[in-house]
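This report describes how a protein model packs its helices and surrounds its ligands. Please study the sequence and the structure before reading on.

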Amino acid sequence: MNVLVTGGSGFIGSNLVRLLLAERPEWRIVNLDKLTYAGNAENLADLEGNPRYRFVRGDICNGELIADVFRTEKIHAVLHLAAESHVDRSILSPSIFIETNVRGTQVLLEAAREFGVRRFVHVSTDEVYGSLGPTGLFTEQTPLDPSSPYSASKASSDLLALAYAHTFKLPVVVTRCSNNYGPYQFPEKLIPLMIANALRDLPLPVYGDGMNVRDWIHVEDHGRGLLAALEKGEDGQVYNFGASSERHNIDIVKQVLRLVGKPESLIKYVTDRPGHDRRYAIDSTKARTQLGWAPRHGFEDALAATVRWYVERRQWWERIISGEYLKYYEKQYGGR
Ligand code: NAD
Ligand code: TDX
């Protein structure tokens, strides 16, 4: 089977490509990625030359290129992860979020319709449901109520994907996952940013009162969920993924400081994110019962392992912060 992964050079995508190559030896993976600031070709550099893997640099908004990939690679299934993914950037510059997340998704859906696929997994987020009060969980029936340009663009793309399932009978599955953590996460997101700052004795910027709650899941558990959705999901259905690990932001930050042996005096409370969602928490009963999926990683151990990864792979995130990683692509592919 030939599987197209979009956004495979990003955080979740690169972890997923590795998981798929390991778990499904008969599959060939085509990774289509634009390599925006968030895409890092170094993440999968060791796969170059692997006959079961091909990297295509390209924009999901480019209909001709996408059609060409479907045609030449004979794509059987799509795992669509490519997106602008950072809420703070969507508050500073919303337009690219609409372009990539909404229009880019429609271009892919259209290509999948034209060429035919067995499965189109649209990878979305729990943020489409908006913010919870102190109690309750998001289920697949929770009405969409996005708060940021990011989550509004993801909700729009979810609705498009489901419309293609309904109207054109495209075998779409939509997944909505909670906050991921693990290796290769771009150091603009909470956990890697706090680790990188702590290791350099820089202030750790906590938004507002630090009491916002996120429900954390290890990136490998998300990846296994996506694989289960691809193989066992029902057309037109939505599946939530989460690992029931709700934490206040401030507790995560303090835990990171303890793990790297730095003082809490590094914490700096800063002005809150505009429209900051207070709490997310996921009910993943449907995925557990209908897909036979369950998370394998406990939060405390997996966070400690994640912190160790960033300590040991300091060069990886230092090259991002310095911009050095951007040169890799030119060096590897320039003139080819
Ligand atoms: P990321 O920002 O690390 O990676 C996104 C990737 O998409 C990058 O490699 C980037 O180069 C690529 N990309 C962006 N625009 C593109 C375009 N126009 N054409 C082709 N490629 C493009 O994001 P991530 O955290 O790995 O998230 C991946 C997906 O999972 C996103 O759709 C996101 O909404 C969703 N998601 C993320 C989380 C999370 O906690 N990180 C949780 C739930 C869902
Ligand atoms: O410097 C910071 N200080 C801070 O207090 C940053 C970057 C974040 N925060 C807070 C804001 C959030 O309450 O930490 C929490 C997590 O922030 P992010 O890492 O930016 O994630 P979030 O906004 O929750 O969105 C993430 O999860 C859902 C991903 O970025 C999305 O792509 C995914 O859909």
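## Two crossing helices

In this predicted model, helix 2 (residues 63-73) and helix 4 (residues 95-115) have axes that come within 10 Å and cross at roughly 40°. Helix 2 is therefore oblique to helix 4; angles under 35 degrees count as roughly parallel, over 145 as roughly antiparallel, 65 to 115 as roughly perpendicular and the rest as oblique. The crossing of these two helices is right-handed, the term for a near helix turned clockwise from the far one by less than a right angle.

Axes are lines fitted to C-alpha atoms, for helices over the stretch in contact, and angles run from 0 to 180 degrees between N-to-C directions. Helices (H or I, at least four residues) and strands (E, at least two) are DSSP runs, numbered from the N terminus.

## Basis of the model

Residues are numbered from 1 along each chain as its sequence is written, while chains are lettered from A and ligands numbered from 1 in the order in which they are written. Local features need pLDDT of at least 70, side-chain atom pairs count only at pLDDT 80 or more, totals for chains, interfaces and linings use all residues, and side-chain values use heavy atoms, with hydrogens and water left out.

## The surroundings of ligand 1

Around ligand 1 there are 29 residues (each with a heavy atom within 4 Å), and Ile-12, Asp-33, Ser-85, Tyr-150 and Lys-154 come nearest. This shell divides into 11 nonpolar, 13 polar and five charged residues. Ala, Val, Leu, Ile, Met, Phe, Trp, Tyr, Cys and Pro count as nonpolar, Asp, Glu, Lys and Arg as charged, and the others, Gly among them, as polar. Strand 5 gives the most to the shell, with three residues.

A polar side-chain atom of Tyr-150 lies 2.6 Å from an oxygen atom of ligand 1. Taken alone, ligand 1 exposes 830 Å², of which the protein buries 97%; such areas come from the Shrake-Rupley method with a 1.4 Å probe.

## The surroundings of ligand 2

Ligand 2 is surrounded by 21 residues, the closest being Thr-125, Glu-127, Tyr-150, Arg-273 and His-276. Helix 6 (190-199) and strand 8 (204-207) each supply at least two residues of this shell, which divides into nine nonpolar, seven polar and five charged.

In the side chain of His-276, an N or O atom is 2.6 Å from an oxygen atom of ligand 2. On its own, ligand 2 has 650 Å² of accessible area, and the protein covers 94% of that.

Note on methods: A polar contact is a pair of N or O atoms within 3.5 Å; within protein, one must be able to donate a hydrogen and the other to accept it, and residues adjacent in sequence count only if both atoms are side-chain atoms.
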